[in-house]
Amino acid sequence: QMHAAHEYARKKRVVLKGDIPIGISRDGVEAWVEPKYFNLNGQAGAPPDAFSDNGQNWGFPTYNWDAMLEDGCSWWVRRFRKMSEYFDAYRIDHVLGFFRIWEIPIDAVHGLLGQFSPSLGMTREEIEAYGLHFQEELFTKPFIADWTLDRIFGEKAQYVKETFLDHAHDDIWQMKPEFDTQRKVETWYKTEAGKTSDTTELANLRDGLYALISDVLFVRDRKDNNQFHPRIGVQNDFIYQALWDSDKAVFNRLYNDYFYRRNNQFWYTEAMKKLPRLTQATRMLVCAEDLGMVPDC
């Protein structure tokens with residue numbers, strides 16, 4: 001039927017345009033048949049923007065580009081050539097994903113704890129070269145203090161301490177192991193929500209706990225434990241507020257260099273390993289959607 005529709009459209013001098021989604025379902029046939037091409041322990045999404053303070057988590061796995069490039073991106077070439085049987089043009093959904101994609105840990109619900117993949121993480125030495133004393137224990141774990149709990153939970157703060165937190169030292173707390181990821185909190189919420197018809201208060205608690213868990217200044221690189229990425233949008237969070245003003249200025253300079261300059265040439269090189277092979281695989285006209293944090297390259 002598709003072939004017939006395509007032939008009819010051509011005879012009428014009508015161009016059919018198809019769509020190449022950036023992702024595949026982790027429950028779909030591609031992930032079952034050729035799992036080597038996908039990072040099933042990650043989730044693709046988008047950083048925060050004007051429409052979403054917490055970023056977006058699309059849920060599908062990211063691509064293992066190393067494995068794809070080993071065989072000349074044959075998976076993508078097959079995909080494009082199949083498309084060309086039915087279409088004369090196509091739209092690449094989220095073309096930025098071919099430069100880099102926002103990758104979120106599998107145990108996160110929101111997009112705030114993600115990092116661009118691939119990207120050039122920062123070593124402790126590089127961070128300190130900016131003038132910021134890198135305190136790994138403080139900067140990479142959720143910052144939970146008495147005053148932050150009061151600000152988020154108000155009169156529920158004591159209940160949160162007793163139920164979800166362990167005392168660390170002084171006025172500082174840490175998540176209990178059974179609640180130390182957003183997915184664990186999500187599981188708790190779903191269980192409790194099944195017991196009541198009014199989930200408003202539960203949802204507020206859940207969202208507050210999500211916020212606690214994402215309140216870190218840096219996220220650790222997913223491939224190299226000795227490299228770090230500034231957490232996207234952290235200027236809106238308590239750990240940033242707790243910095244000295246001089247440290248805030250240093251962090252902001254580091255943050256802007258990282259997100260808008262550091263990876264620019266690297267991302268261009270990464271895209272050029274893939275996109276020419278794909279656009280030249282067929283005679284279809286290429287269009288692309290470029291929504292998101294668009295790098296200069």
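**Figure 1. Arg13, an exposed residue in a loop of this predicted model.**
Let's start with Arg13, which has a relative accessible area of 80%, so it counts as exposed, the cut-off being over 50%. You'll find Arg13 in the loop that runs between helix H1 (2-11) and strand S1 (17-20). Its backbone is worth a look too: phi of Arg13 is near 60 degrees, a positive value in a residue other than glycine. For context, most residues other than glycine have a negative phi.

**Figure 2. Cys73, another non-glycine residue with a positive phi.**
Here phi comes to about 55 degrees, and Cys73 is not a glycine. Cys73 sits in the loop between helix H3 (65-70) and H4. Buried or exposed? Cys73 is buried, because its relative accessible area is 0% and the cut-off is under 20%.

**Figure 3. Trp76 and Phe80, an aromatic pair within one helix.**
The structure holds 30 aromatic pairs. In the one shown here, Trp76 meets Phe80 edge-to-face, with 6.0 Å from centre to centre and 70 degrees between the planes. Both residues belong to helix H4 (residues 74-83), and they are four residues apart, which is about one turn of the helix. Trp76 has 0% relative accessibility, so it counts as buried. Phe80 counts as buried as well, again because its relative accessibility is 0%.

**Figure 4. Trp102 and Phe116, an aromatic pair across two strands.**
This pair is also edge-to-face: the ring centres of Trp102 and Phe116 lie 4.8 Å apart, with 75 degrees between the planes. Why does the pair tie together parts that are 14 residues apart in sequence? Because Trp102 lies in strand S7 (residues 101-105), while Phe116 lies in strand S8 (residues 115-117). Trp102 and Phe116 are both buried.

**Figure 5. The aromatic cluster that takes in Trp102 and Phe116.**
Widen the view from the previous panel and Trp102 and Phe116 turn out to belong to one aromatic cluster. Its other members are Phe134, Phe139, Phe218, Phe228, Tyr240, Phe251, Tyr255, Tyr258, Phe259 and Trp267. One of these rings, Trp267, has a charged partner: Arg100 lies over its face, at 4.9 Å from the ring centre.

**Figure 6. Arg206 over the face of Tyr189.**
This panel shows another arginine lying over an aromatic ring. Arg206 is 4.3 Å from the ring centre of Tyr189. For the charges of the whole chain, the count is 36 positive and 45 negative side chains, and the centres of the two sets lie 10 Å apart.

**Figure 7. Ser117 and Pro118, joined by a cis peptide bond.**
Check the backbone between Ser117 and Pro118: the peptide bond is cis, with omega at about -5 degrees. As a reminder, most peptide bonds are trans. Where does Pro118 sit? Pro118 is in the loop between S8 and helix H5 (124-129).

**Figure 8. Asp93, a buried acidic residue in a loop.**
Asp93 is found in the loop between strand S6 (89-92) and S7. Its relative accessibility is 18%, so Asp93 counts as buried, the cut-off being under 20%. What does Asp93 touch, if you leave out residues up to four places away in sequence? The list is Asp19, Ile20, Pro21, Ile22 and Glu289.

**Figure 9. Lys248, a buried lysine in helix H12.**
Lys248 is part of helix H12, which covers residues 245-262. With a relative accessible area of 18%, Lys248 is buried. Leaving out residues up to four places away in sequence, Lys248 touches Tyr240, Gln241 and Leu243. Tyr240 also appears in the aromatic cluster of Figure 5. From Lys248 to Leu132 it is 9.0 Å, C-alpha to C-alpha, although 116 residues separate them in sequence.

**Figure 10. The whole protein chain, for placing the close-ups.**
The protein chain has 13 helices and 14 strands. Its C-alpha atoms fill a box of roughly 75 × 55 × 30 Å along the principal axes. Of its 297 residues, 46% count as buried. Among contacts with a separation of 6 or more, 69% are between residues 24 or more positions apart. The accessible surface comes to about 15,600 Å², and carbon and sulfur atoms make up 50% of that.

Conventions:
Residues numbered from 1 in each chain as written. Heavy atoms only, no water. Buried < 20%, exposed > 50% of the residue type's maximum accessible area, 1.4 Å probe, protein only. Contact = heavy atoms within 4.5 Å. Areas by Shrake-Rupley, 256 points an atom, 1.4 Å probe, with all protein chains shown as cover. Charge placed at Lys NZ, Arg CZ, Asp CG, Glu CD. Phe/Tyr/Trp six-rings, centres within 6.5 Å; stacked < 30°, edge-to-face > 60°. Lys NZ or Arg CZ within 6 Å of the ring centre and 35° of its normal.
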